[in-house]
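Biologist: Could you walk me through how to read helices and sheets packing together? I'm new to this.

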Amino acid sequence: MLMSKSLLNLAQQAIAQYWEELTDHPDAAGIHLYGNGAVAQLEAKLTHHYGVKYALCVSNATMGLLAVAMALDLQDEVFITTPYTYGASLAGWLKLGNHPIFADIDPETLTLNPKAVEQQITPNTRAILAVDIFGHPSNTQALRQIADEYGLWYIADAAQSLGAYRDGMPASALADAIVVSFTVGKSVFAGEGGAILTDNAELYQKLVWLTQHPYRQKRDVGLFLDNEFGLNSRIHPLAAVIANAIFEGALAQLQVHQADCFRLIETLNAIGLTQPIRFQQQQIIPSFFRLTAAVLEDVSEAEIQSALKEHGLSVILSPPPIRLIYRQPSFLAMYSQPVRECPIAEQQASLRVSFEFNRCAIAAAEFEALQLLT
């Protein structure tokens with residue numbers, strides 16, 4: 001989702017104000033090291049949005065997921081995850097020597113199928129790593145129940161789902177830790193950055209100890225000792241300034257995008273060239289980081305585009321940017337291990353197309369209509 005001009009203006013104004021304040025008060029240059037200023041304000045907005053006690057801003061979501069695994073002492077452990085995701089979801093966990101077991105996905109949401117997860121649990125399993133792929137919220141209630149029943153950590157890669165809801169709750173709201181992103185294309189775009197959300201006080205303190213400056217460690221953990229050997233994974237101060245400035249506006253812009261996507265879904269369901277998309281019936285409101293659909297057999301992309309154009313919708317179709325993890329040469333080269341194929345993930349990977357609104361064509365049509373009116 002592109003940032004609107006109004007959000008760009010907000011970001012520019014916030015940056016200018018930040019530099020002006022530092023010019024007037026040079027001693028405030030290190031305020032972010034304590035987690036104060038825009039960092040604290042952004043974290044407060046995140047805790048309010050997700051309804052959790054703690055938020056910790058970090059350099060990016062990949063580092064956030066690594067830090068969570070380190071804080072939970074997940075090293076050389078077995079975890080269950082999805083093959084239908086981008087490699088960064090697993091990168092940090094794999095670097096710690098953890099061993100992924102792939103569970104199949106739900107064919108409609110493309111997220112982990114809770115029943116498939118439960119079937120893969122063994123006495124060696126320590127955690128579930130769910131991914132809200134394309135901004136589709138995972139079944140957080142079912143995953144929470146499974147995690148509690150088997151004594152597992154439940155972690156959510158929610159990098160693409162900020163602003164999404166399922167069953168009236170923010171995406172992945174019941175996870176032990178939720179990791180979000182502020183990089184390009186995300187609901188709140190600040191250039192880079194991310195955050196970890198949790199209700200677990202001990203986990204939060206460990207994350208501060210591992211990722212933040214000693215100033216913040218002393219502020220939040222209250223230790224007489226500090227850790228100069230942490231990961232230096234705090235968010236860049238300008239990213240925090242931008243994300244804090246545009247947070248409400250970005251989520252409002254997202255709602256417009258969501259409404260546009262639901263109108264497109266209504267049309268797709270009406271023309272019947274793709275498998276039905278039933279998000280609304282399932283009480284799911286994705287962030288629509290990408291809107292995808294499974295194309296019916298013997299239907300071409302050109303047919304879909306033509307049918308949508310007849311309904312006044314100009315879209316660009318392309319393959320979703322997903323390669324199943326266990327089929328990627330780099331994964332096999334670095335982390336080669338026997339894997340069980342996931343038939344639904346295989347099927348969806350071959351059937352799905354991604355829809356992107358052709359904003360240039362829409363703008364041209366609107367301009368042409370305006371010219372006719374005037």
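Modeller: Sure! Keep in mind that this is a predicted model. Let's start with a pair of helices: helix 9 passes helix 10 in a right-handed crossing.

Biologist: Which residues of helix 9 and helix 10 make the contact?

Modeller: From helix 9 you have Leu264, Thr267, Leu268 and Ile271, and from helix 10 Ile304, Ala307 and Leu308. Sorted by class, that contact has 6 nonpolar residues, 1 polar and no charged ones.

Biologist: And how do people describe two packed helices?

Modeller: With the angle between their axes and the distance between the axes. Here, the axes of helix 9 (residues 237-271) and helix 10 (residues 301-310) come within 10 Å and cross at roughly 115 degrees. Angles of 65 to 115 degrees count as roughly perpendicular, so that's the word for helix 9 and helix 10.

Biologist: Okay, sheets next. What is the strand order in the open sheet with strand 13?

Modeller: The order is 11-13-12, with antiparallel pairing. Strand 11 (291-294) and strand 12 (315-318) are at the edges with a single partner strand each, so one side of each has no neighbour in the sheet. From one strand to the next, the twist averages 30 degrees.

Biologist: How many bridges join strand 11 to strand 13?

Modeller: There are 4. As an example to look up, Leu291 has Phe355 in strand 13 as its bridge partner.

Biologist: Where do the helices come in?

Modeller: Helix 9 packs on this sheet, touching strand 11, strand 12 and strand 13. Helix 10 packs on the sheet too, touching strand 12 and strand 13. The direction of helix 10 makes about 165 degrees with that of strand 12.

Terms used: Residues numbered from 1 in each chain as written. Predicted model: local features only at pLDDT ≥ 70, side-chain atom pairs only at ≥ 80, totals over all residues. Heavy atoms only, no water. Axes fitted to C-alpha atoms, helices over the stretch in contact; angles between N-to-C directions. Helix = DSSP H or I, 4+ residues; strand = E, 2+ residues; numbered from the N terminus. Parallel < 35°, antiparallel > 145°, perpendicular 65-115°, else oblique. Left-handed = near helix turned anticlockwise from the far one by under 90°. Contact = heavy atoms within 4.5 Å. Nonpolar A, V, L, I, M, F, W, Y, C, P; charged D, E, K, R; others polar. Pairing = 2+ DSSP bridges.
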